[in-house]
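Please open the model in your viewer and keep the sequence beside it. The stops below say what to select and what is to be found there.

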Amino acid sequence: MSNHCAPICATTGKSNITVASRLSMSLLALATAFTIAGCSNNQESAADTNPKATETTSASTGDVLRIGTEGAYAPFNYTNADGTLGGFDVEIANALCADMQVTCEIVAQDWDGIIPGLKAGKYDAIVAAMSVTPERSEQVSFTDPYFSNALVFLAKKDSSFDPSNNSDIDSHSIAAQRSTISSQWLEDTYPKADMKLYDTLSNAFLDLGSNRVDAMISDKLPAIEWLSSNAGSKYALKGDEININDNFAIAVRPGDPLQAKINQSLANIKANGTYDKINQKYFAVPASATSTVDEDANTGAEIDTDADISEQPATENAS
């Protein structure tokens, strides 16, 4: 749309003219009318030659839907060796795009900048295992939830670390990913805890596996996936799951009609079985992943897997 006439077309303030003849006022009104008509014609002409000129900033009105994800939060989202993105979030996003009959363009964005990127128009929606919180709801609009999450603590199998004892948490160094529900919960619940915060979940797992921290708090499913890998084979869940009514939802800009469209498609893929198929692929986790012993009860063999989540995506372990 042409902006050449915008200053005149947008004028709504009162005139500064205090003394003028009836003739000069009439001429001024006539000139203004011609100018406004010219603006209108220019705008209509621009709209005719540029079909996308009247579209909103959301791609929900076109044939492409731009999705932002983190690409470093397996099994929800991760980056493959060839640079492509994969994971539960990515497959859910593709399923939603297919139902909406649009093309997905999925890009990776560092977690700390993922909401600013949405607000800046880099993409139209965030599908990145994002928890719905009051603070985030002030900046974005959330769709209906597409996953429910719980938090867990991890430590070495032979560790005496017991998260049910407040003193244990306060006396141990605990890893968490920065700006996540895990780190926020730990900070709010145990403000005296020695927290070690990391930009990515992979780096937090790496320091736990390297004995640079005593324990870690994480979303349940990424934790179980890591415990199923070589790197996590000497570690286990500690204590009970922490149910904090944590729901993952898709974020869009406030007021974007894309919210309703995604909600409808989310209901569709749940109804037609697509959602269950994707969920089973990523989250049918073997019971041995939560074992707190080194040997399998049936065979007596050490638990060993081929995939290391710090080096390889979660799909290698998915059934």
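## A strand to begin with

Select strand S9 and show its side chains: Ser173, Ala175 and Gln177 point one way from the strand, Ile174 and Ala176 point the other way, and all of them are buried. Bear in mind throughout that this is a predicted model. Strand S9 covers residues 173-177, and because five of its five residues are buried, the strand is largely enclosed by the rest of the structure. The cut-off behind that step is that a residue counts as buried at under 20% relative accessible area.

## The partners of S9

Which strands pair with S9? Add strand S10, residues 194-198, and you will find that S9 and S10 pair in the parallel sense over five bridges. To locate one of the positions concerned, pick Ser173, whose bridge partner in S10 is Asp194. Then bring in helix H7, residues 181-189, since S9, H7 and S10 together make a right-handed β-α-β unit.

Next, select strand S11, residues 215-219, which pairs with S9 in the parallel sense as well, here over two bridges. A useful residue to centre on is Ala175, which stands opposite Met216 in S11.

## Widening the view to the sheet

From S11, go on to strand S8, residues 147-156; S8 and S11 run antiparallel and are joined by five bridges. Here Ala155 stands opposite Ala215 in S11.

With these strands displayed, add S12 and follow the whole open sheet of five strands, whose order is S10-S9-S11-S8-S12 and whose pairing is mixed. The edge strands are S10 and S12, the latter covering residues 235-248, and each of these two pairs on one side only. If you look at how the strands are set against one another, neighbouring strands of this sheet are turned by 25 degrees on average, direction ignored.

## The helix across the sheet

Now select helix H8, residues 201-209, which lies across S8, S9, S10, S11 and S12 and runs at about 150 degrees to S11. Colour Leu201, Ala204, Phe205, Asp207 and Leu208, which are buried in H8. Seen down the axis of the helix, the buried residues of H8 fall within an arc of 165 degrees, so they line one face of the helix. This can be set beside a general point: an α-helix has 3.6 residues a turn, so residues three or four places apart point the same way. Before leaving H8, step on to Asn211, which follows the helix and has a positive phi, near 65 degrees.

## A second open sheet

Hide the first selection and display the strands S5, S1, S6, S13 and S7. These five strands form an open sheet in the order S5-S1-S6-S13-S7, and here too the pairing is mixed. The edges are taken by S5, residues 103-108, and S7, residues 141-142, each of which pairs on one side only. Within this sheet, zoom in on strands S6 (residues 125-126) and S13 (residues 251-252), which pair in the antiparallel sense over two bridges. Ala125 is the residue to centre on, as it stands opposite Val252 in S13.

Then add helix H3, residues 88-100, which lies across strand S1 (64-69) and S5 and runs at about 155 degrees to S5.

## Where H3 meets H10

Stay with helix H3 and pick Asp99, which is found in it. Is Asp99 buried or partly exposed? With a relative accessible area of 28%, Asp99 is partly exposed. Leaving aside its neighbours within four places in sequence, Asp99 is in contact with Ser265, Asn268 and Ile269. A distance to display here is the one between the C-alpha atoms of Asp99 and Leu266, which are separated by 8.6 Å although the two residues are 167 residues apart along the chain.

Follow the contact across to Ser265, whose place is in helix H10, residues 258-271. At 4% relative accessibility, Ser265 counts as buried. Not counting residues up to four places away in sequence, Ser265 touches Leu96, Asp99 and Met100.

## Stepping back

Finally, show the entire protein, which has eleven helices and 13 strands. Buried residues make up 41% of its 319 residues. Among contacts between residues at least 6 apart in sequence, 70% join residues at least 24 apart. If you switch on the surface, the accessible area of the protein comes to about 16600 Å², and 49% of it belongs to carbon and sulfur atoms.

Technical notes
Residues are numbered from 1 along each chain as its sequence is written. This is a predicted model: local features need pLDDT of at least 70, side-chain atom pairs count only at pLDDT 80 or more; totals for chains, interfaces and linings use all residues. Side-chain values use heavy atoms; hydrogens and water are left out. Buried means under 20% relative accessible area, exposed over 50%, partly exposed in between (1.4 Å probe, protein chains only). Helices (H or I, at least four residues) and strands (E, at least two) are DSSP runs, numbered from the N terminus. Two strands pair if DSSP finds at least two bridges between them. A crossover is right-handed if, with the strands pointing away from the viewer, the path from the first strand over the helix to the second runs clockwise. Axes are lines fitted to C-alpha atoms, for helices over the stretch in contact, and angles run from 0 to 180 degrees between N-to-C directions. Contact means heavy atoms within 4.5 Å. The arc is that of the directions from the helix axis to the C-beta atoms. Accessible areas come from the Shrake-Rupley method with a 1.4 Å probe; for residues, only the protein chains shown count as cover.
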